[in-house]
Each structure stands twice: as C-alpha cells, then as structure tokens.
Amino acid sequence: MPTAVHFWRYSQPCRGGTDHRLMFTRLTCRSEHGPPSSSEGWKTAHHGRRTRPARDDHGDARRHPGPLRVRCGGRSCASRSCCQPRMLIHMGGLAALAAVLPVWPVGRFHAGAMPDLTPTRILLGHRPDRLLMSREGRLLYAVCALDDVICVIDTATGKVTKTVPCPDLGRYATLLHDGRLYATTKGGVVAIVDTAALSVTGTIRPGGHASQGVVSPDGRLAYVPLGNMPLKGPKGIAVIDTAENTVTNTFKIGIRPSILAISSTGDRIFAANEEGSTLVVVDTQTMSVLGTPIGVGGDMEGMPGLAVGLGGRLVFVSGGDSGKVRVVDADRFEVSAEVKVGTGPTDVAVSRDGSRLYVAQSTQTIAVIDTADMSVVREFAAEGVDRLTMSPDGERLYASSIEGQSVLVFPTRSRPVAAARKSEGVAMSPDGRHLLVTLAEGNAVSVISTPEKRISVGLRPVAVVAPGNGREVYVADSAGGHVVVIDSTTDEVVNTIDFESPFDLAPDPSRARVYVVGPDRLSVIDTQSRAVVDHISIEPSGSDRFLATDGNRVYVTNPQSGTFTGYSTEKLLPDVTFMPGQDVAEFFLNRIALAGNGSRVFLTGNDTVLVVDMGGGPSEQFFTVEAAQEMAVSPGGNPVFVTRPAMDAVTVMDPDSVDEPITVPGGPGAPVVSRDGRRLYVAGVNDSQVTEVDIATRRTNRRFVACSDPDSMAETADGRLYVASSTIGTVSVVQIRETTIAVGGRPTGIVVSPQTSRAYVANAAAGTVSVIDLATKAVISTPFAVGVEPVGVAVAPGGGPLYVADGFNGTIAVVDVDDSTVIRTLENIGLLLRGLAVSPDGKLLYVADAQAQKVLVVDIGQKKVTRSVDLPNPFGLAMADDGNRLFVTLPGERSLAVVDPQTLTESGERIQLQIAAHGVCLARGGGRLYVTDPSTDQVSVVEL
C-alpha cells in the first residue's frame, strides 16, 4: 500500500553568502514502495522559513548531491508543482532513502503509464449499438437495436430526454440535417424517425437489405448500402432524395457493401464490405467506381469501422482479429499503412483537426493514433466500448458501451499547437497574434505565432497568392464561385470578384496582375482596381487545372487532354500548345511550375516529373518521382521542390537532375519558398502542420500548426503565411519570422501589460525580472533584482504595479513598473508560491501555493491572506477578463480547474488534459486557453 513519506526540501543559502544556514521545508509524497526501513530516521520539521540544519548520527549535515525524481501518487514528480526537492536529507542515511524513492534521470519527465481519461457515464438502461450526432452537436442519438429503441441524449446536460420505440430496429441508422433520422429495420426497410416529434413517421423500401448509410454535406441526398444480407439480395448503393423520401437511383459497385463513409466535400463515397474485406471508392457525380477495389485485410468479422481523414485522401478501416487499422490512400487506391493496435478494433473516429485517430478495441480500451507518423501514442480504459463518434466541436469523444448499457464521454479539448523546449510560462501579445513562452533551459523567451487568426473566405478555398508587394492576398473559392481579396495590413476581406469555379491563381511577377483560371475561362485581375480587366475562353476541362506565369506567358494545364497551353500576356492569346510525348493515358497532367526564368516548364503527374525546355523549341525530359504532387520554385528559378505526400518527402530538382529527397512528415502537400529564398514551407495534409526547411542545409527547422486540411499557402512581405483550408472555408494567418529573446537564468513566469506593451519575465535562477519591449522584441535595460527565486508575475489592471512571487521566501514583491523598484513586500504569504493572478478591480491577488496545496486570496490593501481554496498542487493561474472565472493548472492530475473567484468553489468538472500543464494564459475573446508542459516540450490549446 502506498505510504506517506515526509522528507526535507533544501532550497539554498541566503543570497549574498553571509548566512550559511540551510533552509528546509517539510514536503509529503506517497511512496509505492512502503516506508523507509528506519522510520524513526525521518524527522518532522516546523513550517517556519528557517530551521537548524538537520544532522545524522555523526553530527554531520547530510545532503543528497542532486535532484531526485520521486514517484508521487502513481505519477513521476518531476514537476516543481508537486515536490521536486533540489536536495533531500534523510536522518538515517541515504541508503534507506534510495530504497524508498526511485531516482529518475534529471531533466526528463518520467511519465510511466499515462493516466486514464476519466469519462462521464450516461446511463441509458438499454444497449447502444450505434451513435449518431446532430449537426450542431446538441443531441446524440443512441441506436439500441437489441432493445428496439432509440435514446435521445441532450449533450449539454448529459441526460436522456426521450426513448423512441422502433420495432424490429436494425443496428444501422443515418442522421439527416433537418431533424430526421433514417433507421434500418431487421427486414432491411428504412424507417423515417421525426427527431422533433420523436416518432416513426414513415418507411422507405430501398430495394434491398439496407445497412449503415451516409448523407451528403448539403443534406439533399442519403446514400444507403444494399445487400449486407441476405446473400442473394441485390448489392450496391441506393440514393434517396431526402426532400421526397424516395429512392431516385440504385447502382452497383461490384461488392456487397455493409457500411459507407463520405468525404467532407461530398464528391466521394467509401464503401466497405464485410465478407471480402474490400474498400471501394465511388464518384458521387457519375455514380461510378473509381480505380480498383482496395483489399483491406481479409480477416474482418462483423461490421467494420470506417472513418475519413481531413481532405478525404486518407480512409481508416478497422475490424478483424489481426489487431490492425488499415490506412487507405484513396487517391492511389492502395493501403498505405497498417497500424498495430490492440485485439479486435471495432470502430474508428477522427479528431476535428485530423491529428488523432481514436480506435475502439474489444480489450475495453481506446487507442489513440498520431496520424502524422501513424504511431499509437496512448491507450486508455473504456468499459465495454463498441462504437465511437466525435462531437462537432472536437471537444468530446462518445463511446457506446453495450455491456454497461451506457454512453461514455471522454474529454478531448486540448491539443498541441507548438513546440517549445522546456516551456514554463506563457502569455499572449495584446494583438493576439503571438504567444510569448519562457524557455527554462534556454534562458530565453520564444515568440510563437498563434493560429488563431482565421478569415472566412467562402466554401472551398483552393488557391492563395500574394502578388507584388505582398500587401494583398488573393484567394480562389472554387465552390463559392469567387476570388476573395484580403488586405494583409488589416486581415479584412476588401473585395469579392465573381468567377465561376476558379481552380488556380498565378501572380504576374512583372505587373500588377493576377491570372485566374476556371473550367473554360482564363481571366486577368488588375490588382490596382481589384477587377477583371481581360479574359479569354479556353478549351473546357472538367478537372482542376493549374497556372504558372513568367510575365511573358501564362501557362494553363488541361488534365483531360494531357496538354498545356501558353498564352501571351500582352494580348492574352495562345501562342504555344504542348502535348507530352508519353501516352496521355499514362501521363495525367497535375501541377505546373516555371524554372530557369521561365525557360523550363515543370509538370507533375503519375509518379513522373516532366521538364519541358521552351528555349529553342519544346523538348522534354521525364524523371521518375514517385507520388509527385505539388511544386514550388526558388526566387532565382532554381531549384524546384516537388512534394510527395505519400512518401513523406520533398524532392529537390534542377532542370537536369534529381537530388536526394528531404524527409518532411505529415504528408507534405502545398509548398512555398520564402521571399528571400532561404526557407521552404510545406503544409502537411495529414497533420495540419507546416514544416519549415532550411534550404541551404536541407534540414527541418521547426513545425507549427496552421489549420485543418491546408490546401495552399502564400507569404506576404511582412513575413506571414496565409494558409487556405479547403474543408472549413477559411484562411489562417501564421507569423513565420521566429524571434527568441535572451533573458535571465531559468525564466518561469511571464505576463504582458497591454497598457505599456511590455512583457515581464521572472528569472528564477537569477533572482531578477527582465522587461521586454513588445514593439522591438528586445529587453529594456538591465534586469532588476526581486527576491531570491521569482517565479510568478502578474500586473494590475491599467498597467501597474507589478506583482512578483518569490517561491523561496514565500513573499510577494510589489514593483513600480515605471522605475523598476520594489515599493513594498507582502510577507508570510505562503510556502511554495507559483502562479499569480489579479482581480479586474486590482484589489485582490490570487496565489498558487504548491506546497500548501491551495490557491490563496491576498487582500492587497490589508497585505495578508484572507481566504483560500484547496486544490492539489496548483501551478499556473489565469483570470477571465470579466473576473468570473479563475483557471488553475494542476500538473499532478493533468487537469485544469475552473474556480469561481467570488465563492472560491469549482465551477463544474475539471477539464482533463493530456499533458501536465504548468503555465496558462487566456486567449483574446476568452474562448480558449494556452498551456505549457516542460516535460513534453509542448504548448497546447484548450477549448473552453
């Protein structure tokens, strides 16, 4: 049984070296290994700030020579928020101590087994087979086929509001957007359930035995697979007009489908069968099968799980006894990866940003797969889990439990957004564009761009360019039929130009023009007037076509005919058309780029890069580059970078050769070369992150989150990336010019004053506070001394004064921000102080005391603690702008408490995190938090 063990915390001698007495504090941990062999060797200390040195039997003060990591409550206590003694002293000798307290490597967080996520259980009293979420996420429908009922759950309250009888109910159901639900019966008939009246209002006979279907994104059509059983019945897909509730079409797909999934754009359906373990990709426009059926194992038993990744390129299939999840590349019609998970994976669900795949397993656990490298990153218990679904906002994972007759709700509200080595404190710049993160081991502050700025630009932005001086950004919205113009100085949409299905954009390097191409038209936009000034009709193409221009010609691809045509930019007339010498059926033109000052044309398609020399008459060279997709060209015309998402690689080419590829994780898609030609930025289609590559060294510098499903990027003159997301209709703005500011030793807490545009950094090891000018991103003058171990900082509303918590002395210094002098010191506040927060009226100070395991309330006028609330090892604090919520990080519990500052009671359940959060700050608008974890080098966002 774990036993309480008391030990001494040695801090350090007094500053200045004149007082050599040791400082000790009594801490308590719980050991999993039982008490020391000589319990009388442990001494109990008075909680005063200074005591006599402890001595062993020989009268010598004994100190352990270095930091220990102590297993505390089943977790490793590498965090100062729990214990982390600098030195430990045991009166009976160090041998017993070593036997009791395991020592972990210094500087690393020993996580051990990752703690389970604690679910909320919604009791149904029925056995749920399938879960369906309403579009807005307000209602969850649990299909309980074994009991012939559908349970309706209010997701806000977690309560069952209605149970709808549905005789002979099958396991399968499809939810419509307008409050109707299609549920199959055991006889294969589709029952229409009115979710408002909560009753069955009619039936549809699709012509075969129906099973798990899907609805188009616009809600107009429902697709139902036929032929799951009986074996002699028809097999294919039935199309239902949801307005009329009638079957309008039935088509065969070559397999007996049992479950369907649909892409976010609705252009593709993925059909999986049960008996043949095969996946088929169906074009919803032509109702025809694309490519060839894809084998996904052959060992499935029962209904497989099926989920589509962001962008629709990756499809995840679970099922069978092999304990594997198959990852299907729907563009290449093949299994691109197999991920080994636990026994009997039954279902899969993709996180909102596509970075995580959740897998339900028959071992009553849920595995979590990182889709960037397809590795299992964690596993947690889920009693009787069978089927999964994700809430629309991505904050909760719902799991059906037939055994428990319930629905389990797991929190998924936090996700990593940036990497920061040994990150401790975090603050947001006044404009909301940057995070300032203290790097405890780097003695610096890192300025990190936030992916918060998102500009709505329509339905499906597929191309983005920043012409000329880069002050304006042009975005092609292919589904909305517009070209959107954004002013990069304000990030506001300033114009919308009508254009039918724009596929691609290309800025003229020598003129203030942007070329735009659609299915049958090439047009010229004047960037001064922001209007179309010329256009020409071109050969029609039903497929996406792409552009490139050198200022003299603009080249347009036609994938269907396998040609590209050059148009004179003077008169916008065609003057050259080129068809590759290879068979057109074997070479499908994809992307186009110009190199060598426009003398060479690069084209990708079908595992090939075609280089056409336009100098002395077209001549061609073919290079085999497997999975070649998009391209970017250096400002000087060479080299050319070719992304290969299926290979996680970028190939570097010049007109005559192919170099070794650069490894870029996350399925590299859209590339862009920086304006100075020194860096390459590549968007990851699988993990929503952008990778920065140093072109000179060919090495990856850093990675940062941009947006879900990045499709195209452009860099502006001020060093920002505008990243288009084709699935959510937005452009995210990301600052790519990284800044690191050197400060004092072991910086921890940081706070920003919007009034003074300054950041204040507590340097714990140096005993100082550094002041950073946010405009110049430079330290102002010399850091000023404050106490012994300054760890937490907060600034009063209006720009001052500054409060600095001394973790060593348990005091708080009040600093005049104008001349950086300590006005007064609040004595005897606590024991092991950490984070600070000030009330909006400036009268109260909230203080995290990790040792006392409390958040203290200090009345600034009375200069004393007046109230407190018990919380386990609190660390970071952040106050909501309206003063109604205080957010407290609890690293030992991997959670975040929300406290009412007036009543000092917790508001609702704690937010479960996947990290041991230390620092915390509130984003502009109050809709999210940013937290740091030095043990994983992560900065994460928490949605509120």
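Trainee: Hello! Which strand do 4 bridges join to β6?

Mentor: Good place to start, and keep in mind that this is a predicted model. The partner of β6 runs antiparallel to it and covers residues 139–144. A pairing of residues lets you find the spot on screen: methionine 133 stands opposite leucine 140. The strand joined to β6 by 4 bridges is β7.

Trainee: Which strands are at the edges of the open sheet that holds β6?

Mentor: The sheet has 4 strands with antiparallel pairing, in the order β6-β7-β8-β9. An edge strand pairs on one side only, and that applies to residues 130–133 and to residues 159–165. The edge strands are therefore β6 and β9.

Trainee: And what does the twist average from one strand to the next in that sheet?

Mentor: Follow the strands in their order, β6-β7-β8-β9. From one strand to the next, the twist averages 20°.

Trainee: Let's turn to the aromatic rings. How is the pair of tyrosine 555 and phenylalanine 564 classed?

Mentor: The structure holds 2 aromatic pairs. In this one the ring centres are 5.9 Å apart and the planes meet at 65°. Planes over 60 degrees apart put a pair in one particular class. Because 65° passes that cut-off, the pair of tyrosine 555 and phenylalanine 564 is edge-to-face.

Trainee: Then how is the pair of phenylalanine 564 and phenylalanine 578 classed?

Mentor: Here the centres are 5.4 Å apart, with the planes at 40°. The pair links distant parts of the chain, from phenylalanine 564 in strand β48 to phenylalanine 578 in strand β49, 14 residues apart. Stacked planes would be under 30 degrees apart and edge-to-face planes over 60. An angle of 40° fits neither, so this pair is tilted.

Trainee: Are phenylalanine 564 and phenylalanine 578 buried or exposed?

Mentor: Both belong to one aromatic cluster, together with Tyr555. Tyrosine 555 shares its setting with phenylalanine 564. Phenylalanine 564 and phenylalanine 578 are both buried.

Trainee: Over which ring does the charged end of arginine 521 sit?

Mentor: Look for an aromatic ring whose centre is 4.2 Å from that charged end. The ring belongs to phenylalanine 499.

Trainee: I noticed some backbone features too. Which peptide bond is cis, with omega near -5°?

Mentor: Go to the loop between β54 (631–633) and β55 (640–644), where proline 639 is found. The cis bond leads into this proline from the residue before, asparagine 638. So, reading along the chain, you want the bond from asparagine 638 to proline 639.

Trainee: Why does aspartate 491 count as buried?

Mentor: Aspartate 491 lies in the loop between β40 (482–487) and β41 (492–498), and it has a positive phi of about 60° although it is not a glycine. Buried means under 20% relative accessible area. Aspartate 491 falls under that cut-off because its relative accessibility is 2%.

Trainee: What is the relative accessibility of arginine 746?

Mentor: Arginine 746 is another non-glycine residue with a positive phi, about 45°. You can find it in the loop between β66 (739–742) and β67 (747–753). Arginine 746 counts as buried, with a relative accessibility of 15%.

Trainee: One more: how far apart are the C-alpha atoms of isoleucine 662 and alanine 649?

Mentor: Isoleucine 662 is in strand β58 and is buried, with a relative accessible area of 6%. Beyond its neighbours in sequence, isoleucine 662 is in contact with residues including Asp648, Ala649, Val693 and Arg698. Isoleucine 662 and alanine 649 are 13 residues apart along the chain, yet their C-alpha atoms are separated by 5.5 Å.

Technical notes. Residues numbered from 1 in each chain as written. Predicted model: local features only at pLDDT ≥ 70, side-chain atom pairs only at ≥ 80, totals over all residues. Heavy atoms only, no water. Helix = DSSP H or I, 4+ residues; strand = E, 2+ residues; numbered from the N terminus. Buried < 20%, exposed > 50% of the residue type's maximum accessible area, 1.4 Å probe, protein only. Phe/Tyr/Trp six-rings, centres within 6.5 Å; stacked < 30°, edge-to-face > 60°. Lys NZ or Arg CZ within 6 Å of the ring centre and 35° of its normal. Pairing = 2+ DSSP bridges. Axes fitted to C-alpha atoms, helices over the stretch in contact; angles between N-to-C directions. Contact = heavy atoms within 4.5 Å. Lists of a residue's contacts leave out its neighbours within four places in sequence.
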